[in-house]
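Here are my notes for a colleague who has not looked at this structure before. Please read them with the structure open.

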Amino acid sequence: MAGAAHCSLQAKRLLLDPKFEGYKLSLEPLACYQLGLDAAVAEVQLRDDQYTLDHMRAFGMYNYLHLDSWYQDNVYYVDQFGRVMNLSVTLDTALQKPREVFRLPTDLTACDNRLCASMHFSSSTWVTLSDGTGRLYLIKSGKRGSSASEKWEIVFNEELGSPFIIAHSVSFVKSDSHSLAVLLLRVEKDELDTKGSGFHVTLEWVTVAEAKEGHQRYEIIKRRVLQGKSVPHYAAIEPSGDGLMIVSHKPFTFMQNESDKLEENDDAKVSNEKKDPLYYWQQTEDDVTITVHLPQDITKDDIKIHFSPDNICVTLKDQPPLMEGMLYSSVDHESCTWIIREDKSLEISLIKKNEGSRWPELIIGDTRGELVMDSSQCAEIAESLMHLTSEVMNPNPEKENPPCNAQELEECDAFLEDGTSLCRFDGDTLKVTHIINLGSNQYLFSVVVNPREMPCFCLRHDVDALLWQPHSDQPENMWEHIATFNALGYVQASKQDKKFMACAPDYSYAALCECLRRVFIYRQPTPLATVLYNRKEGRQVGQVAKQLVATLEANDPILGFQATSERLFVLTTKTLFLIKVNSGN
């Protein structure tokens, strides 16, 4: 993780409602339609050797219903005969039976260690599909949701090792060549792990591209593997195929082949040799001074320095930037200056916008500089930390700043060795470029709001649930807070039997289902058609948030759960339910 920029998620205050009063239970009836399935869903039960929590989270809690976000109200599932079945809804009162759009060529029951079949919709005309036996299919589907234009045709079909499920996929064009990147999830036996569960989790990032000679032939051009010790909550490839984002409880790292390891060892030897810092910097409460040694042939005209409130860029001649990046804190960029000293060194002066604050680093993530402190600054820091250390156990308990007493720490104060984090990996360097420690922000679910963007993820913030949209092409706004589901973080914590969570792509409601029958819907605040007053305070209430509960007429466990702006789709072993949540505009 060295060199990665440590970031934070910035919530938008305008999207928060501190005066939210809670959900009112609504008894209004919900229209619920059910369709009997011709054949049962191809559910795969966990085997005796799949006993860990990771197996349960990856395969036991798998969502067998797949929502095609490129087309409205379009869902798919795989039945026990290996048929990919589709239901496309236009009118609730004229529902058709699910129709077969594709049949897997392999016999699903022939493989003893198979996993559930999985699929992902890479684009409006491309689908990635796995039969659960370790075989990957890339399929050109045509325009989906319509029997006239939908025709699934296999263009790539290859065995990729042990069984996996598809976590995510994207379709993109690079260098005039069409490519698909697919993320494959496996839970594998780890013989070296003697103290843990005995398993590790791998994410294989496979890139398949159109062959140079064309003729619609595709071949694998890259295979990269990440390994971790927990199933990721969220894993998605950037739309451009240049990076990867993962939310997980334990960190993931790229596994390298032998040639890469030799190169890395050579790099490590070079880096271990003592190198002079690229620049030196020192600070006071008001300013920061940077000193850079210049080559002999550099003149004043060769130096270009760009100051902005949060960034700096230093360029010599036509070379790549010598220093570039985001400053630790804001500066008064109009007051920043630079001069060339007599000893041929460049001296840059930055004026701090927040006076008195001490910077632990100059440019975020840049380790090529060295902080120089004078003796008075060292003494000041040592004195400020003096109260945290002592030769004697709690020598003066009446002191204003007593030393930390470990016995007074509560369970909530414990710092986990592996906390949940959000990491962004670069596809070329295979290193982490950005990392966010999510701490107590519990991961809840993911949803596709715009199929051309990465999936959004929902995190608990205090009592609320905040929805975040990743923007891989906007480094300054890489994770945007786009919606808030009031009090949902608090509400979902009380549902101990919950299995799936989802929300409408237009944020109008969130929903969760239990393992059996019950579905809870939380409509976000909407204006009232009639005048309503708060009895206790006597003030008029402008809008109300409602909770609705639907009980399904089924004894089979819920296997799939998806939400659109108007409907909830709930899949059991033999039935597909449609719950009309919102009426169409």
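**Notes on strands, salt bridges and a pocket**

1. Val314 stands opposite Met323 in S23. The two belong to an antiparallel pair, strand S22 (residues 311–316) and strand S23 (residues 323–326), joined over four bridges. Six residues separate the strands of this hairpin, and Lys317 takes a positive phi near 50° there. Please keep in mind throughout that the model is predicted.

2. An open sheet is built from five strands in the order S1-S28-S27-S17-S16, with mixed pairing. Strand S1 (5–6) and S16 are the edge strands, since each pairs on one side only. Within the sheet, strand S27 (residues 421–426) and strand S28 (residues 432–437) run antiparallel and are joined by five bridges. Across this pair, Arg424 stands opposite His434 in S28.

3. Arg424 also has a charged partner: Asp426 forms a salt bridge with Arg424, and their closest N and O atoms are 3.6 Å apart. Are these two residues buried or exposed? Both Asp426 and Arg424 are buried.

4. The search of the whole structure gives 24 salt bridges. In general, side chains of opposite charge can pair when their charged atoms come close. One of the bridges joins Lys174 and Asp242, with the closest N and O atoms 2.3 Å apart. Lys174 sits in strand S12 (residues 165–174), while Asp242 is in the loop between strand S16 (234–237) and strand S17 (243–248), so this pair ties together parts 68 residues apart in sequence. The loop thus lies between two strands that also appear in the order of the open sheet.

5. How accessible are the two partners, Lys174 and Asp242? Lys174 has a relative accessibility of 37% and counts as partly exposed. Asp242 is partly exposed as well, its relative accessible area being 33%. Both values fall in between the limits of 20% for buried and 50% for exposed.

6. A salt bridge also links Arg186 and Glu204, whose closest N and O atoms are 2.7 Å apart. Arg186 lies in strand S13 (residues 177–189) and Glu204 in strand S14 (residues 199–210), so the pair ties together parts that are 18 residues apart in sequence. Both Arg186 and Glu204 are buried.

7. Some charged residues are joined in a network rather than a pair. Salt bridges link Asp73, Glu566, Arg567 and Lys580 in this way.

8. The surface carries a nonpolar patch formed by Leu25, Leu27 and Val549, which together have about 340 Å² of accessible area. Leu25 is part of strand S2 (residues 23–25). Its side of the patch can be checked by accessibility: Leu25 is at 58% and counts as exposed, because the class begins over 50%.

9. The second largest pocket holds about 740 Å³ of space. It is lined by 24 residues, and the closest to its centre are Cys7, Met326, His434, Pro475 and Glu476. His434 is the residue in S28 that stands opposite Arg424, and Met326 falls within the range of strand S23 (residues 323–326).

10. Which strands each supply at least two residues of the lining of this second largest pocket? They are S1, S28 and strand S32 (479–485). S32 gives the most, with three residues. S1 and S28 are also next to each other in the order of the open sheet.

Note on methods. Residues are numbered from 1 along each chain as its sequence is written. This is a predicted model: local features need pLDDT of at least 70, side-chain atom pairs count only at pLDDT 80 or more; totals for chains, interfaces and linings use all residues. Side-chain values use heavy atoms; hydrogens and water are left out. A salt bridge is a side-chain nitrogen of Lys or Arg within 4 Å of a carboxyl oxygen of Asp or Glu. Buried means under 20% relative accessible area, exposed over 50%, partly exposed in between (1.4 Å probe, protein chains only). Two strands pair if DSSP finds at least two bridges between them. Patches are made of residues with over 30% relative accessible area and no salt bridge: like charges are joined within 9 Å, nonpolar side chains (Val, Leu, Ile, Met, Phe, Trp, Tyr) within 5 Å. Accessible areas come from the Shrake-Rupley method with a 1.4 Å probe; for residues, only the protein chains shown count as cover. On a 1 Å grid over the protein atoms alone, a cavity is a set of points where a 1.4 Å probe fits but cannot get out, and a pocket is an open set with protein on both sides within 12 Å along at least five of seven lines; lining residues have an atom within 4 Å of a point. Grid points are joined across faces, edges and corners, and a volume is the space filled by probe spheres set on the points.
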